[in-house]
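Visitor: Please take one part of this structure and examine it closely. I should like to hear about the nonpolar core and the sheet beside which it is described.

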Amino acid sequence: MKPHKWTGILLLAVFLFCFAFSSSPAPTACQPATSVAADQKQDKSEETVYITNTGKKYHRDGCRFLSKSKIAIKRKDAEAKGYEACKVCKP
Ligand SMILES: [Zn+2]
């Protein structure tokens with residue numbers, strides 16, 4: 001009897017099994033959560049917000065008011081120009 005031979009085959013089987021089920025392609029699944037956490041850490045005045053050609057508010061990326069125009073600007077610059085925070089997206 002050579003028990004080592006069977007141990008090797010068993011390990012190989014386990015390895016192949018794990019390899020087959022560990023190839024799920026989801027590397028970007030947690031991106032929104034990490035960006036929210038980063039926003040809370042960094043200095044708010046240096047955050048990039050977005051203004052429109054017509055509005056008097058600044059917005060977060062993805063706000064529905066940015067559908068017509070979207071101009072990236074630093075929060076402190078937007079406030080210096082008289083823009084106010086949007087009440088919908090709360091940047
Ligand atoms: Zn908004």
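Guide: Among contacts in the protein chain between residues at least 6 apart in sequence, 50% join residues at least 24 apart, two residues being in contact if their C-beta atoms, placed from the backbone, lie within 7 Å. The model is predicted: local features need pLDDT of at least 70, side-chain atom pairs count only at pLDDT 80 or more, and totals for chains, interfaces and linings use all residues. Residues are numbered from 1 along each chain as its sequence is written.

The chain has three helices and four strands, in the pattern α-α-β-β-β-α-β along the sequence; helices (H or I, at least four residues) and strands (E, at least two) are DSSP runs numbered from the N terminus. The four strands form an open sheet of order β3-β1-β2-β4 with mixed pairing, where pairing requires at least two DSSP bridges between two strands. Its edge strands, β3 (71-74) and β4 (84-85), each pair on one side only. Strands β1 and β3 run antiparallel and are joined by four bridges; Y50 stands opposite A72 in β3.

Of the 91 residues, 10% count as buried, that is, with 20 or more other C-beta atoms within 10 Å of their own (exposed: 12 or fewer; partly exposed: in between; C-beta atoms placed from the backbone). The largest nonpolar core comprises seven residues, V49, Y50, I51, Y58, A78, Y83 and C86; such a core is a set of buried Ala, Val, Leu, Ile, Met, Phe, Trp, Tyr and Cys residues joined through C-beta atoms within 7 Å. Strand β1 (residues 48-51) gives the most to this core, three residues. Leaving aside residues up to four places away in sequence, V49 touches Y58, H59, R60, I73, R75, A78 and P91.
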